[in-house]
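The following exercises concern pockets and salt bridges. Please work through each task before reading its solution.

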Amino acid sequence: MHSYERVVEILSGFADTASQRPLALGEALDSLDHAAFGLIALILVLPLLQPVPLGPLTVLGGLTFAALGWQLWRGAESPVLPQKIRGVTMSEKSWRMLAKISIKVVGFCRRFSRPQRYPRLVEGERGRKTGGFILMASGLLMAIPFGVLPLNNVLPGLAVLFYCIGQLEQDGLMVMIAFFWLIFTTVYFGFFFFGMYYLGVEAMSRFGWGG
């Protein structure tokens, strides 16, 4: 299990390496060896936690989380990332920014997380299946190409974030919160789809389209 301090330490180490030469994301994650899926997902989700739609980056990130979730569901021992994600090169500034964001996110979340709460949700096969489902569902929702939908990367990203916190700290309550954000995201997207459908029907009726 990796503590929050260990996450920040790892990110700072990546920044030190990037100060000497370009550091690809795949190379950095390979150095984690058998680190938990939650640690890698946490590193990947942090840049997506912003209200501005990120276009193709959001789609690519969502597909990556879905792939990680599928691997976790099937019982893979270590994650395998798509080559496009592995090839992304990040500068020292970007790594240090990730570390800074991690400290802020970690500091906030540690007010609520407690180790070994409802451990059955994060341990053993049940925990693995639960985590795999959350990552797959959140990733697929994030990958839907909504260029005009506010928070389309943040809301499923929050589900990923809280799962990562729960997995790293063995806190089942954080996994429950991840499920809440997953359900909230589904409802939010559903209302968007319904609104688009309703407006489309109204437009067709107003202009006499469709017979």
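On a 1 Å grid over the protein atoms alone, a pocket is an open set of points where a 1.4 Å probe fits, with protein on both sides within 12 Å along at least five of seven lines; its lining residues have an atom within 4 Å of a point. A volume is the space filled by probe spheres set on the points, which are joined across faces, edges and corners. This is a predicted model, in which local features need pLDDT of at least 70 and side-chain atom pairs pLDDT 80 or more, whereas totals for chains, interfaces and linings use all residues. Residues are numbered from 1 along each chain, and side-chain values use heavy atoms, without hydrogens and water.

**Exercise 1.** Describe the largest pocket and its lining.

*Solution.* Step 1: the volume is about 260 Å³. Step 2: 14 residues line the largest pocket, and the closest to its centre are Leu 25, Leu 44, Pro 47, Leu 57 and Ile 85. Step 3: by class, the lining has 12 nonpolar, two polar and no charged residues (nonpolar: Ala, Val, Leu, Ile, Met, Phe, Trp, Tyr, Cys and Pro; charged: Asp, Glu, Lys and Arg; polar: the others, Gly among them).

**Exercise 2.** Characterise the salt bridge of Arg 117.

*Solution.* Step 1: a salt bridge is a side-chain nitrogen of Lys or Arg within 4 Å of a carboxyl oxygen of Asp or Glu. Step 2: the partner of Arg 117 is Asp 171, with the closest N and O atoms 2.8 Å apart. Step 3: Arg 117 is partly exposed at 22% relative accessible area, while Asp 171 is buried at 0% (buried: under 20%; exposed: over 50%; partly exposed: in between; 1.4 Å probe, protein chains only).
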